[in-house]
Amino acid sequence: MDCRVVVEAAVPVYDVETADEAVRIAISKTGEMLNPDLNYVEIETGRRTSPGGEELPPAFVAADEALVALRLRMDVFNVDREKHASRVARKEIGQRLRNIPLKVLSVEEIEDDSEAEPSPDGSADGDQASGDAVDSADGGDDDATGVRD
């Protein structure tokens with residue numbers, strides 16, 4: 001099974017004056033820590049709300065320091081169940097984002113349309129799990145890079 005995992009990260013940023021500046025720096029800092037190993041992780045601003053339900057900016061700035069809420073989205077392939085996908089994503093992201101708190105927000109199964117399609121040699125794709133993961137990661141091109149003989 002393949003899953004899409006969304007993880008929330010609390011990224012500290014120093015020497016900033018505005019929330020917008022803090023968000024830009026936090027996204028850049030996070031991208032540098034994840035690249036080149038996890039360049040497929042999508043980074044976007046998180047959502048914060050007040051106890052009354054009011055929408056707040058993703059960064060809290062005090063004394064020229066900020067804490068920025070970011071959401072990191074990652075696709076995990078060939079896992080047994082959703083909890084396994086959650087653990088894989090936390091481990092992979094957590095190894096690169098040292099000392100940054102992470103919380104799994106959601107895990108959803110990705111529907112795989114390729115199971116019903118025959119492979120170029122005429123057999124079903126179900127027995128080529130590692131090849132499916134490679135094809136999905138590089139945009140799903142139908143070339144022979146992920147096909148084993």
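Two residues are in contact here when their heavy atoms lie within 4.5 Å of each other. With that in hand, let's begin at one residue and work outwards. Ile-93 touches Val-7, Leu-34, Leu-38, Leu-72, Met-74 and Leu-102, leaving aside residues up to four places away in sequence. Keep in mind as you look around that this is a predicted model.

Ile-93 also belongs to a bigger group. The largest nonpolar core of the protein has 27 residues, and Ile-93 is among those with the most contacts inside it, together with Val-11, Val-13, Val-68, Val-76 and Leu-97. Which elements give two or more residues to this core? They are E1, H1, E6 and helix H2, which covers 82-96.

Now step back to the whole chain. The protein has three helices and seven strands, and from the N terminus on they follow the order β-α-β-β-β-β-β-α-β-α. Contacts often link distant parts of the sequence: among those between residues at least 6 apart, 67% join residues at least 24 apart.

The strands give a good example. Strand E1 (residues 3-14) pairs with strand E6 (residues 65-76) in the antiparallel sense, over 12 bridges. You can find one spot in this pairing by looking for Arg-4, which stands opposite Asp-75 in E6. E1 is also joined to strand E7 (residues 102-109), again antiparallel, by seven bridges. Here Glu-8 stands opposite Lys-103 in E7.

Next, look at helix H1 (residues 19-34), where you will find Thr-30. Is Thr-30 buried or exposed? Thr-30 counts as buried because its relative accessible area is 1%, and the cut-off for buried is under 20%. Its contacts, not counting residues up to four places away in sequence, are Val-11, Ile-43, Leu-70, Leu-72 and Leu-97. You have met two of these before: Val-11 and Leu-97 are among the residues with the most contacts inside the core.

For the protein as a whole, 30% of the 149 residues count as buried. The protein exposes about 9,400 Å², and carbon and sulfur atoms supply 46% of that area.

Finally, how far can you trust the picture? The pLDDT averages 81 over the protein, and 74% of the residues score at least 70. Over residues 116-149, however, the pLDDT is below 50, although this stretch has 24 contacts in the model beyond near neighbours in sequence. Where pLDDT is low, the predicted coordinates should not be read in detail.

Methods:
Residues are numbered from 1 along each chain as its sequence is written. This is a predicted model: local features need pLDDT of at least 70, side-chain atom pairs count only at pLDDT 80 or more; totals for chains, interfaces and linings use all residues. Side-chain values use heavy atoms; hydrogens and water are left out. pLDDT is the predictor's confidence in each residue, from 0 to 100. Two strands pair if DSSP finds at least two bridges between them. Helices (H or I, at least four residues) and strands (E, at least two) are DSSP runs, numbered from the N terminus. Buried means under 20% relative accessible area, exposed over 50%, partly exposed in between (1.4 Å probe, protein chains only). A nonpolar core is a set of buried Ala, Val, Leu, Ile, Met, Phe, Trp, Tyr and Cys residues joined through side-chain atoms within 4.5 Å. Accessible areas come from the Shrake-Rupley method with a 1.4 Å probe; for residues, only the protein chains shown count as cover.
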